[in-house]
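Let's take a walk through this protein, starting in the sheet and ending at a pocket. Keep the structure open as you read.

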Amino acid sequence: MMFSSIQRITLRQLSTGSQIQEVVIIGGGLMGAGIAQVSAQTNHKVTLVDLSEKVLTSSEKRIRTSVSRVAKKLFKDDNKASEAFIEDTMGRLSLVSDGGEALASADLVVEAITENLPLKQRLFREWDEVCPEKTILASNTSTLRISDIMKNVKRQDRVGGLHFFNPVPVMKLLEVIRTDSTSDQTFNAMSAWGRAIGKHTVACKDTIGFIVNRLLGPYIQEALAMVERGDATFQDVDAAMKLGAGYPMGPFELLDYTGLDLHKFINENPDHPFRQESKLINSMVEQGKLGVKSGEGFYKYK
């Protein structure tokens, strides 16, 4: 877990160790805020961009609270060092609704917005025009092919995928995705940055679902099918997988964290290999029960 590894890091050791220094994160939701946090607390200059001031305010509060937890783990009873860590981290982070200035000097742009292919394609085309030649353009998509997202980008050698897992400050894994056109230099730079922010990186080609979600898909679908058939309750399925298989959370807790709307989107993607409509998911999404992000999914969150 991220916290246990952070405990072994001293302030002197918190250096980037990669050629990527300036990072722009597009999208201030749970994923974007988490990526911004782990970047800022490892000495990167970070700009988090979202069109909504409300989202940015929420993101700043969430990040500060999470960084405070990290500081408490790092420094325990040393309040002075803890406060310095928090302020240093937050001082490296800018939250803005217009990312133009940050994009003009970015080493890396990580997109973490909703899984809307046309929107992603349009935005990456725009960023390709305004970012300097050095900038690597990356998507945090979990369901779409990077090559499809980047099809209108000219710098095909400097694109890739950086797939984080939620909650980002805790989950150790980072999938680094390369397309057929991604250069070795770009792939190595993304991997080095991933290690610099404290992640264990794994490499994968540009295939739908990458590694984790490609394997996770059938598991989630079968869990939903069991509950829809009445074989077991979602609470008992979660308990069984945690206590019987040693999983940290059950499939329905996981759905709440990743977002029920995301799962619905996956089911509506005709190219996805595990596409399977779920009446239960459709009903919950229609009711606005999206999981953690909305305060209620299979479980309620305060």
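## β6 and its neighbours

Strands β6 and β7 (residues 173-178) run antiparallel to each other and are paired over 3 bridges. If you want a spot to look at in this predicted model, try H163, whose bridge partner in β7 is E175. With strand β5 (residues 136-139), β6 pairs in the parallel sense, again over 3 bridges. There, L137 stands opposite V159 of β6.

How much of β6 is covered? Strand β6 spans residues 159-163, and 5 of its 5 residues are buried. In a regular strand, side chains alternate between the two faces of the sheet. In β6, V159, G161 and H163 point one way, while G160 and L162 point the other way. Residues on either side of β6 are buried, so the strand is covered in both directions.

## T201 in β8

Next up is T201, which sits in strand β8 (residues 200-205). Is T201 buried or exposed? Its relative accessible area is 19%, and the cut-off for buried is under 20%, so T201 counts as buried.

Setting aside residues up to four places away in sequence, T201 touches L174, V176, S191, G194 and R195. Two of those names, L174 and V176, fall within β7, which covers residues 173-178.

## T89 in α4

Over in helix α4 (residues 79-91) you'll find T89. T89 is buried because its relative accessibility is 1%, against a cut-off of under 20%. Its side chain reaches the backbone oxygen of F85 at 2.9 Å.

What does T89 touch, once residues up to four places away in sequence are left out? The answer is A40, Q41 and V67. A40 belongs to α2 (30-40) and V67 to α3 (53-75).

## K289, after α13

K289 lies in the segment that follows α13 (279-286). At 24% relative accessible area, K289 is partly exposed. The side chains of K289 and Q287 are joined by a polar contact of 3.4 Å.

Leaving out neighbours within four places in sequence, K289 is in contact with L260, M284, S294, E296 and G297. One of these, M284, is a residue of α13. As for T89, K289 is 200 residues away from it along the chain, and their C-alpha atoms are separated by 33 Å.

## The second largest pocket

Now for the second largest pocket, which holds about 580 Å³ of space. Its lining is made up of 21 residues, and L30, R62, S66, R69 and P167 lie nearest the centre. Which helix gives the largest share of that lining? That would be α3, with 7 residues. Both α2 and α3 supply at least two lining residues each.

By type, the lining divides into 11 nonpolar, 6 polar and 4 charged residues. R62 and R69, both listed among those nearest the centre, are arginines and so count as charged.

## L30, at the pocket's centre

L30 is one of the residues nearest the centre of the second largest pocket, and it lies in helix α2. Its relative accessible area is 28%, so L30 is partly exposed.

Not counting residues up to four places away in sequence, L30 touches R62, N166 and V292. R62 is also among the residues nearest the pocket centre. L30 and E111 are 81 residues apart along the chain, and 13 Å separates their C-alpha atoms.

Notes: Residues numbered from 1 in each chain as written. Predicted model: local features only at pLDDT ≥ 70, side-chain atom pairs only at ≥ 80, totals over all residues. Heavy atoms only, no water. 1 Å grid on protein atoms, 1.4 Å probe; cavity = no way out; pocket = protein on both sides within 12 Å on 5 of 7 lines; lining within 4 Å. Points joined across faces, edges and corners; volume = space filled by probe spheres on them. Helix = DSSP H or I, 4+ residues; strand = E, 2+ residues; numbered from the N terminus. Buried < 20%, exposed > 50% of the residue type's maximum accessible area, 1.4 Å probe, protein only. Pairing = 2+ DSSP bridges. Polar contact = N/O pair within 3.5 Å; in protein donor to acceptor, adjacent residues only side chain to side chain. Contact = heavy atoms within 4.5 Å.
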